[in-house]
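Colleague: Thanks for making time to go through this one with me. Could we look at the labels and ask what stands behind each of them?

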Amino acid sequence: MKIPAQGTAPVVRAGDADPARLIAAGQRALGTEIRGLVALESRIDEAFAKACELCLRCAGRIVVTGMGKSGHIGGKIAATLASTGSPAFFLHPAEASHGDIGMITRGDVVLALSNSGETPEILALLTPIARLGVPVIALTGNASSTLARAAAVHLDVSVAEEACPLNLAPTASTTATLAMGDALAVALLEARGFTAEDFARSHPGGSLGRRLLLRVEDVMRRGDEVPRVTADTSMADGLLEMSRKGLGMTAVVDGKKAVGIFTDGDLRRALESNVDFQKLAIGDVMTINCKSIEPQEPALIAMKLMEKYSLNSLPVVDSSNNIVGAINMHTLIQAKLF
């Protein structure tokens, strides 16, 4: 038998792996992590509330720090806090001891992650942090640890066992720490009255930000691009206007005021009624009291309105019911709202 080199895993051919054993191992890992999270729920207590109060009173930023796997979790917690209304950043503890501790200023709060509570790189920061008068919130799995005892608030993220069968690799413990960080971020979000629009402003480059920030006025047709006719316009001229503007509709106006809409659906219904098109005017077959939307409304609302009422387009009107634009589903698709 060939002995694998140190630090490498033996190669197992796919055909040699037992699917049932693989599935069972994965289920055991998840079960262990779920039990760890269930146990964590009862620890959302007065200490948690105090940690939230420290963060809410923070005039600066929440500085998250952790070493190794805790550092990876800390980076995610910092990103979640920052994107949900609590300014935060991640500080690598080893780099902090070589100058980066200058990133911490009076008015900040430090969120320190260490499962053992004895991580040397974290403990080395405690004295200079104390000199700044900056409070520390510790997330550890050991309430008797040096870090837990030095902190203004200790949040217990201990787990009975790791998901790793050797009980060595940080698995359930890192999941518990991440979940506690999420709980903290959500509690702060609610306390700050953080809204969906606030969230969108933190994510302007993503599809979510686009969906929440884009307004009807940003994508609507304007000016001569908006199809419009009067109620006494002939069917032939009305259809020509619809065809030229390509929105599958035309607004029907009295001066600038919207009095109705004529759509492909109205045309089909007129055809089914066997009326004499030569004698019809748009006003005879238009839809009155039609759905419309104002330009400052989110484009997402326009999309939902069209979906709810099976509409392909909407006239855009101002507060005085003057036609100022038009929008259709194709426009919203091009704006990548879907």
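Colleague: What makes the pairing of the D266 and R269 side chains a salt bridge?

Modeller: First, please keep in mind that this is a predicted model. In it, the N to O distance between D266 and R269 is 2.7 Å. The cut-off is 4 Å between a side-chain nitrogen of Lys or Arg and a carboxyl oxygen of Asp or Glu, so the pair qualifies.

Colleague: And how are D266 and R269 placed along helix α12?

Modeller: They are three residues apart in α12, which spans residues 264-272, and that separates them by about one helical turn. In general, an α-helix has 3.6 residues a turn, so residues three or four places apart point the same way.

Colleague: Why is D266 called buried or exposed, and R269 likewise?

Modeller: D266 has a relative accessible area of 4%, and buried means under 20%, so D266 is buried. R269 comes to 48%, which lies between the 20% and 50% limits, so R269 is partly exposed. There is also a network elsewhere: E241, R244 and K245 are joined by salt bridges that share partners.

Colleague: How do you know that D156 and R43 form a salt bridge?

Modeller: Their closest N and O atoms are 3.8 Å apart. That is within 4 Å, so the pair counts. The two residues belong to distant parts of the chain, 113 residues apart: D156 is in strand β5, while R43 sits in the loop between α1 and α2.

Colleague: Which of the terms buried, partly exposed and exposed fits R43, and which fits D156?

Modeller: R43 has 18% relative accessibility, and the limit for buried is under 20%, so R43 is buried. D156, at 25%, falls between 20% and 50% and is therefore partly exposed.

Colleague: What makes K76 and D182 a salt bridge?

Modeller: The closest N and O atoms of K76 and D182 are 3.3 Å apart, and the 4 Å cut-off therefore admits them. This pair also links distant parts of the chain, with K76 in helix α3 and D182 in helix α7, 106 residues apart. K76 has a relative accessible area of 38% and D182 has 27%; values between 20% and 50% mean partly exposed, so both carry that label.

Colleague: How many salt bridges does the rule give?

Modeller: The count comes to seven.

Colleague: Let's turn to N328. Why is N328 called buried?

Modeller: Its relative accessible area is 6%, and the label needs under 20%, so N328 is buried. N328 lies in strand β10, residues 323-328.

Colleague: What makes the pairing of the N328 and T331 side chains a polar contact?

Modeller: The distance between the side chains of N328 and T331 is 2.6 Å, and the limit for the N or O atoms is 3.5 Å, so the pair fits. Setting aside neighbours within four places in sequence, N328 is in contact with G246, L247, M306, N312 and S313. One of these, M306, is among the buried residues of helix α14.

Colleague: Why is L30 called exposed?

Modeller: L30 has a relative accessible area of 55%, and exposed means over 50%, so the label holds. L30 is in helix α1, and with I34 and V38 it makes a nonpolar surface patch of about 310 Å².

Colleague: And what share of the whole chain counts as buried?

Modeller: Of its 338 residues, 40% do. The chain has 15 helices and ten strands, and it exposes about 18300 Å², with carbon and sulfur atoms supplying 55% of that.

Key
Residues are numbered from 1 along each chain as its sequence is written. This is a predicted model: local features need pLDDT of at least 70, side-chain atom pairs count only at pLDDT 80 or more; totals for chains, interfaces and linings use all residues. Side-chain values use heavy atoms; hydrogens and water are left out. Helices (H or I, at least four residues) and strands (E, at least two) are DSSP runs, numbered from the N terminus. Buried means under 20% relative accessible area, exposed over 50%, partly exposed in between (1.4 Å probe, protein chains only). A polar contact is a pair of N or O atoms within 3.5 Å; within protein, one must be able to donate a hydrogen and the other to accept it, and residues adjacent in sequence count only if both atoms are side-chain atoms. Contact means heavy atoms within 4.5 Å. Patches are made of residues with over 30% relative accessible area and no salt bridge: like charges are joined within 9 Å, nonpolar side chains (Val, Leu, Ile, Met, Phe, Trp, Tyr) within 5 Å. Accessible areas come from the Shrake-Rupley method with a 1.4 Å probe; for residues, only the protein chains shown count as cover.
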